[in-house]
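Let's walk through this model together, one question at a time. Here it is to look at first.

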Amino acid sequence: MTPEAQSYCRKIDVVTVKGSSVPMPVFTYDTHQDQVFPRLRTPKYSNLDLSEVLKRQADDYDVLIWENDQDLVQLRCLATQEFLETHGKGLDSYLSGDWQKAKEMLQKANEMMKESENRGDGPSQVLLSYMESRDWICPPDWKGYRGLSIK
């Protein structure tokens with residue numbers, strides 16, 4: 001993913017995958033889950049099939065789509081600046097080994113999403129669950145990432 005695209009996504013963890021020792025950041029694109037969008041169709045009077053239309057759109061990709069495409073903007077309506085900053089502080093604390101601060105900030109981020117007519121913040125919930133399974137104590141050999149045991 002390009003650095004420009006990463007700037008429109010939220011970093012949610014750093015992991016190693018099974019069979020690799022290389023830590024990799026994990027990103028998500030925040031979306032309001034309960035939105036309904038019209039079915040994709042080819043443009044009127046087009047002789048192209050939908051896959052060709054989508055391929056052409058992908059070939060014409062421009063980073064400004066993240067700000068100019070109204071569907072993408074609307075999908076992110078619940079990811080406020082305050083939420084993103086709160087989650088970011090929680091993630092930074094988690095990665096640096098300050099799990100008590102991480103717990104506080106990630107719980108706050110999760111509650112912010114619950115207040116926004118959502119079921120909470122899935123990525124925050126995953127990190128909270130991981131830390132809770134270790135009694136909220138960062139391991140002494142913590143390197144700022146966790147290993148995933150399945151591919």
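Q: Which pattern of helices and strands does the protein follow along the sequence?
A: This is a predicted model, and its secondary structure comes to seven helices and three strands. Put in sequence order, these elements give the pattern α-β-β-α-α-α-α-α-α-β.

Q: Is the protein compact or spread out when set against the globule rule, and what is its radius of gyration?
A: For 151 residues the globule rule gives 15 Å. The protein is well over that, so it counts as more spread out than a compact globule. Its C-alpha atoms fill a box of roughly 65 × 40 × 25 Å along the principal axes. The radius of gyration itself is 19 Å.

Q: What share of the residues in the protein is buried?
A: Buried here means under 20% relative accessible area. The accessible surface comes to about 10200 Å², with 51% of it belonging to carbon and sulfur atoms. Of the 151 residues, the buried share is 32%.

Q: Among contacts between residues at least 6 apart in sequence, what percentage joins residues at least 24 apart?
A: One pair that is distant along the chain is Trp136 and Lys103, 33 residues apart, with C-alpha atoms separated by 7.8 Å. Across the protein, for contacts between residues at least 6 apart, the part joining residues at least 24 apart is 58%.

Q: Is Trp136 buried or exposed, and at what relative accessibility?
A: Trp136 sits in the loop between helix H7 (122-132) and strand E3 (146-147). Beyond its neighbours within four places in sequence, Trp136 is in contact with Trp99, Gln100, Lys103, Leu128 and Met131. Because the cut-off for buried is under 20%, Trp136 counts as buried, at a relative accessibility of 18%.

Q: Which backbone oxygen does the side chain of Thr86 reach?
A: Thr86 belongs to helix H5 (residues 81-96) and is buried, with a relative accessible area of 5%. Leaving out residues up to four places away in sequence, Thr86 touches Met105, Lys108, Ala109 and Met112. Its side chain also reaches a backbone oxygen at 2.8 Å, and that oxygen belongs to Glu82.

Q: Which residues make the nonpolar surface patch of about 300 Å²?
A: Val17 is a good place to start: it lies in the loop between strand E1 (10-16) and strand E2 (24-28). Patch residues need over 30% relative accessible area, and Val17 is partly exposed at 31%. The patch is made by Val17, Val22, Met24 and Leu148.

Conventions:
Residues are numbered from 1 along each chain as its sequence is written. This is a predicted model: local features need pLDDT of at least 70, side-chain atom pairs count only at pLDDT 80 or more; totals for chains, interfaces and linings use all residues. Side-chain values use heavy atoms; hydrogens and water are left out. Patches are made of residues with over 30% relative accessible area and no salt bridge: like charges are joined within 9 Å, nonpolar side chains (Val, Leu, Ile, Met, Phe, Trp, Tyr) within 5 Å. Accessible areas come from the Shrake-Rupley method with a 1.4 Å probe; for residues, only the protein chains shown count as cover. A salt bridge is a side-chain nitrogen of Lys or Arg within 4 Å of a carboxyl oxygen of Asp or Glu. Helices (H or I, at least four residues) and strands (E, at least two) are DSSP runs, numbered from the N terminus. Buried means under 20% relative accessible area, exposed over 50%, partly exposed in between (1.4 Å probe, protein chains only). The radius of gyration is taken over C-alpha atoms; the globule rule is 2.2 Å times the number of residues to the power 0.38. Contact means heavy atoms within 4.5 Å. A polar contact is a pair of N or O atoms within 3.5 Å; within protein, one must be able to donate a hydrogen and the other to accept it, and residues adjacent in sequence count only if both atoms are side-chain atoms.
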